[in-house]
Amino acid sequence: MTAQIIDGKAFAAQLREKVGALAADFAEKTGRKAGLAVVLVGDDPASQVYVRSKGKATIAANMESFEHKLAGDTTQEQLEALVDKLNRDPAVDGILVQLPLPSHLDEQAVVDRISPAKDVDGLTPVSTGRLALGLEGLVPCTPLGSLMLLKQIHGDLSGMDAVVVGRSILVGKPMAQLLLAENCTVTIAHSRTRNLAEIVRGADIVVAAVGRAEMVQADWIKQGATVIDVGINRLPPEEGKEKGRLVGDVAFGSASEVAGAITPVPGGVGPMTIAVLLRNTLVAAHRIESIDLPEGAL
Ligand SMILES: NC(=O)C1=CN([C@@H]2O[C@H](COP(=O)(O)OP(=O)(O)OC[C@H]3O[C@@H](n4cnc5c(N)ncnc54)[C@H](OP(=O)(O)O)[C@@H]3O)[C@@H](O)[C@H]2O)C=CC1
Ligand SMILES: Nc1nc(=O)c2c([nH]1)NC[C@@H]1CN(c3ccc(C(=O)N[C@@H](CCC(=O)O)C(=O)O)cc3)C=[N+]21
């Protein structure tokens, strides 16, 4: 049996369509488009993939896109000054600072500076705290997009055993919170975990968010399990090619012989991240303007 390939690209296109229509209504009601500002410092490869896909999708969804590409040697003061400016800018409803930042910068200090009202990445202490408390708020895009895919496949996730590999503030931790809120029994694994293969083998749902090309092997996967591959890794280019292939954190070819359902890379979680980012920007814009979104619209 080969696994169902979860078509994140198609699901994301549907979500972007809905967001785009609601964004057009928003522009009509307020006389302005919802705006998303993206800040990229330096040249992290996964971030470059992200920026490229994002600008176009934002415009196509009837929103405004503001891109700020800063040099790798940008100072903490310069970056914080930009965040302050975006916080004050009435054309900006969402602020996303691409992570990781170059190592000389204090990531948490930059993130803490983002106005919680514009925190479309769900990374500020206010957003993470609200998620942990089960209060509504802006939820990190990749975990929320991954959850949408899981719910589409399974409906109710209650009682399922979920293993999240990775515990970053951007993916692993909020993913675990969302699965817990869906009544999964959640295990969070990381670089110090012993017997990783064995732990993953117990899972009905595996979320791999590590950043290591094809690390999760087929014989780690329980027969029929659902595998969500968050990883975006660029392999070294083959002979005569300029760019290497994009692969996930799961050995897709062999794992898809064992899994019940699996997301591909590309075409899985990545497009969902962008669609949810647009959704979050629209949600933030409505809150900023004190306008209700239609009930259950997104
Ligand atoms: N598809 C998408 O939309 C997105 C994709 N990504 C991609 O997802 C991946 C993860 O991103 P992110 O969470 O930000 O990465 P981070 O580097 O912040 O976190 C990686 C996590 O993996 C853990 N880890 C590292 N090595 C191992 C190992 N050998 N065994 C078990 N755990 C390990 C780390 O453990 P420890 O905490 O102990 O160091 C850490 O918790 C990257 O490839 C990134 O590019 C990210 C965001 C969105
Ligand atoms: N603050 C912050 N938030 C993030 O969400 C964030 C970040 N920083 N830093 C970088 C990572 C990476 N990331 C991706 C999102 C979508 C694709 C994506 O659309 N991928 C396409 C591939 C497109 C192509 O092939 O070029 C796909 O998987 O199908 C990739 C990568 C978000 N990240």
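This passage walks through the overall form of a predicted protein model, one of its strand pairs, and the surroundings of its two ligands.

A good place to start is the whole protein. The predicted model contains 10 helices and 11 strands. Along its principal axes, the C-alpha trace spans about 55 × 45 × 35 Å. How does the radius of gyration fit with what a compact globule would have? For 298 residues, a compact globule would have a radius of gyration near 19 Å, and the protein has 19 Å, so the two agree. Of the 298 residues, 44% count as buried.

The domain assignment divides the protein into domain 1, covering residues 30–116, and domain 2, covering residues 141–271. Taken over C-alpha atoms, the centres of these two domains are 26 Å apart.

A helpful piece of the fold to trace by eye involves strands β5 and β6. Strand β5 spans residues 161–165 and strand β6 spans residues 185–189; the two run parallel and are joined by 5 bridges. One of the residue pairs to look for is Asp-161 with its bridge partner in β6, Thr-185. Helix α7, residues 172–181, belongs to this arrangement too: β5, α7 and β6 make a right-handed β-α-β unit.

Attention can now turn to the ligands, beginning with ligand 1. Around ligand 1 there are 26 residues, of which Ala-46, Ser-168, Ser-191, Gly-211 and Thr-273 come nearest. Which helix gives the most to this shell? That is helix α10, residues 269–288, which supplies 3 residues. By residue class, the shell around ligand 1 holds 11 nonpolar, 12 polar and 3 charged residues.

Ligand 2 is surrounded by 23 residues, and the closest are Tyr-50, Ser-53, Leu-99, Pro-266 and Gly-270. Two or more residues of this shell come from each of α2 (45–60), β4 (94–97), α6 (141–154) and α10. Helix α2 gives the most, with 6 residues. The shell around ligand 2 is made up of 14 nonpolar, 7 polar and 2 charged residues.

Where does ligand 2 lie with respect to the two domains? Domain 1 and domain 2 both give residues to the shell around ligand 2, and therefore this ligand lies between them. Looking back at the model, a reader can find ligand 2 by starting from helix α2, which gives the most to its shell, and ligand 1 by starting from helix α10, which gives the most to the shell there.

Terms used:
Residues numbered from 1 in each chain as written. Chains lettered and ligands numbered in written order. Predicted model: local features only at pLDDT ≥ 70, side-chain atom pairs only at ≥ 80, totals over all residues. Pairing = 2+ DSSP bridges. Helix = DSSP H or I, 4+ residues; strand = E, 2+ residues; numbered from the N terminus. Right-handed = clockwise from strand over helix to strand, strands pointing away. Domains from an automatic or database assignment. Near = placed C-beta within 6 Å. Nonpolar A, V, L, I, M, F, W, Y, C, P; charged D, E, K, R; others polar. Rg over C-alpha atoms; globule rule 2.2 N^0.38 Å. Buried ≥ 20, exposed ≤ 12 C-beta atoms within 10 Å, placed from the backbone.
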